[in-house]
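Subject: Structure handover

Hi,

Here is the structure I promised to pass on to you. Have a look at it first, and then read on for what turned up.

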Amino acid sequence: MTTARTVDAIRRDAAARLRSAGMDSPELDARLLLGAVLDLDLTGLISQAARLLTPQDIAALERALRRRIAGEPVARILGVREFWGLPFRLSPDTLVPRPDTETVIEAVLDIVRANAWQGRGLRILDVGTGSGAILLALLHELPDAFGVGIDISLGALRTACANAAALGLSARAAYVAGDYLAAIRGPFDLIVSNPPYVRTADMAGLSTEVRDHEPRRALDGGADGLAAYRVIATQAVGALVPGGALVLEIGQHQAADVERLTGAAGLHRHRPPRPDLGGVLRVVTARKPPP
Ligand SMILES: C[S@@+](CC[C@H](N)C(=O)[O-])C[C@H]1O[C@@H](n2cnc3c(N)ncnc32)[C@H](O)[C@@H]1O
């Protein structure tokens with residue numbers, strides 16, 4: 001049980017406990033968890049370092065620390081994660097948006113710029129929208145665009161819808177429950193997706209944080225990890241306008257296979273696979289041939 005009582009002492013105590021429990025980023029986690037309990041950002045934690053915590057604050061931090069030490073990701077404990085500088089509420093049905101996925105946003109914005117599509121009322125489809133991270137980040141960047149988010153999980157769609165409202169984007173975002181693109185016709189100028197892409201056999205080897213705290217259907221990509229790409233590539237051809245682009249997040253070492261699938265579906269490579277900040281090829285971009 002934590003006994004120190006000032007913000008600063010309790011933060012250091014929490015970080016030490018997280019460190020001895022083997023957490024990767026104990027200082028950051030301690031700041032985030034304590035900040036959430038006290039509703040303070042980093043500056044607030046510093047400026048109020050000498051403030052005394054109430055027993056209720058200490059009990060709330062203790063609960064959060066126990067969850068973290070048991071392997072629950074900080075974003076799950078907080079119920080919110082920042083993506084592309086925007087706050088996204090999470091639920092048990094949504095994947096925690098990853099920094100790697102911001103590579104998808106960069107790839108789309110590059111395509112929009114290269115085709116001089118700014119200012120057009122672009123129609124964007126996000127397949128497997130989850131928390132709505134990709135679609136809503138794009139609508140935030142492209143004020144003239146409209147978007148549809150599809151997910152097979154109603155719980156995820158409810159969360160995406162709430163995030164659209166909280167970000168002031170509801171008027172340009174619609175949500176549809178469906179199995180990939182089966183329920184939707186289009187046409188769309190851009191189809192984006194970060195589908196499940198972990199091979200089923202690799203699921204058991206994922207870290208506790210991912211395996212035990214992320215929804216399985218957000219991760220499991222079937223026997224070879226490519227099941228979703230097979231379906232989405234085939235369905236996207238019919239839902240894209242001629243000249244429209246399909247932008248897919250991929251897992252490590254999947255670029256060649258995913259490009260083969262988009263090619264077999266009749267799409268052309270639009271850009272070379274794009275690396276994330278860690279240098280891993282993260283995004284494949286294909287285009288429906290112009291008329
Ligand atoms: C890897 S998560 C991506 C979530 C979000 N787009 C992101 O990037 O953070 C994959 C999403 O696909 C959804 N999904 C899985 N199978 C699906 C299917 N057959 N049809 C539609 N969505 C599906 C999951 O519910 C999950 O929200």
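A polar contact, as the term is used here, is a pair of N or O atoms within 3.5 Å. Please keep in mind that this is a predicted model.

Let me begin with the ligand. A nitrogen atom of the ligand is 2.7 Å from an N or O atom in the side chain of D179, so this pair falls within the 3.5 Å of a polar contact. Two further side chains approach through oxygen atoms of the ligand: D151 places an N or O atom 2.6 Å away, and N194 has a polar side-chain atom at 2.9 Å. On its own the ligand has 600 Å² of accessible area, and the protein covers 95% of that.

Which residues come nearest to the ligand? Of the 17 around it, they are G128, D151, D179, Y180 and N194. By type, the shell is made up of eight nonpolar, six polar and three charged residues. As for the site itself, the ligand takes up the space of the largest pocket.

There is also something to see among the aromatic rings. The structure holds one aromatic pair, formed by F83 and F88, with 6.2 Å from centre to centre and 75 degrees between the planes. The pair counts as edge-to-face because the angle is over 60 degrees. Are these two residues buried or exposed? F83 has a relative accessible area of 1% and is therefore buried, and F88, at 0%, is buried too.

Happy browsing, and best wishes

Terms used:
Residues are numbered from 1 along each chain as its sequence is written. This is a predicted model: local features need pLDDT of at least 70, side-chain atom pairs count only at pLDDT 80 or more; totals for chains, interfaces and linings use all residues. Side-chain values use heavy atoms; hydrogens and water are left out. A residue is near a molecule or strand if one of its heavy atoms lies within 4 Å of it. A polar contact is a pair of N or O atoms within 3.5 Å; within protein, one must be able to donate a hydrogen and the other to accept it, and residues adjacent in sequence count only if both atoms are side-chain atoms. Accessible areas come from the Shrake-Rupley method with a 1.4 Å probe; for residues, only the protein chains shown count as cover. On a 1 Å grid over the protein atoms alone, a cavity is a set of points where a 1.4 Å probe fits but cannot get out, and a pocket is an open set with protein on both sides within 12 Å along at least five of seven lines; lining residues have an atom within 4 Å of a point. A molecule sits in a cavity or pocket if more than half of its atoms lie within 2 Å of its grid points. Ala, Val, Leu, Ile, Met, Phe, Trp, Tyr, Cys and Pro count as nonpolar, Asp, Glu, Lys and Arg as charged, and the others, Gly among them, as polar. Rings of Phe, Tyr and Trp (its six-membered ring) pair if their centres lie within 6.5 Å; planes under 30 degrees apart count as stacked, over 60 as edge-to-face and the rest as tilted. Buried means under 20% relative accessible area, exposed over 50%, partly exposed in between (1.4 Å probe, protein chains only).
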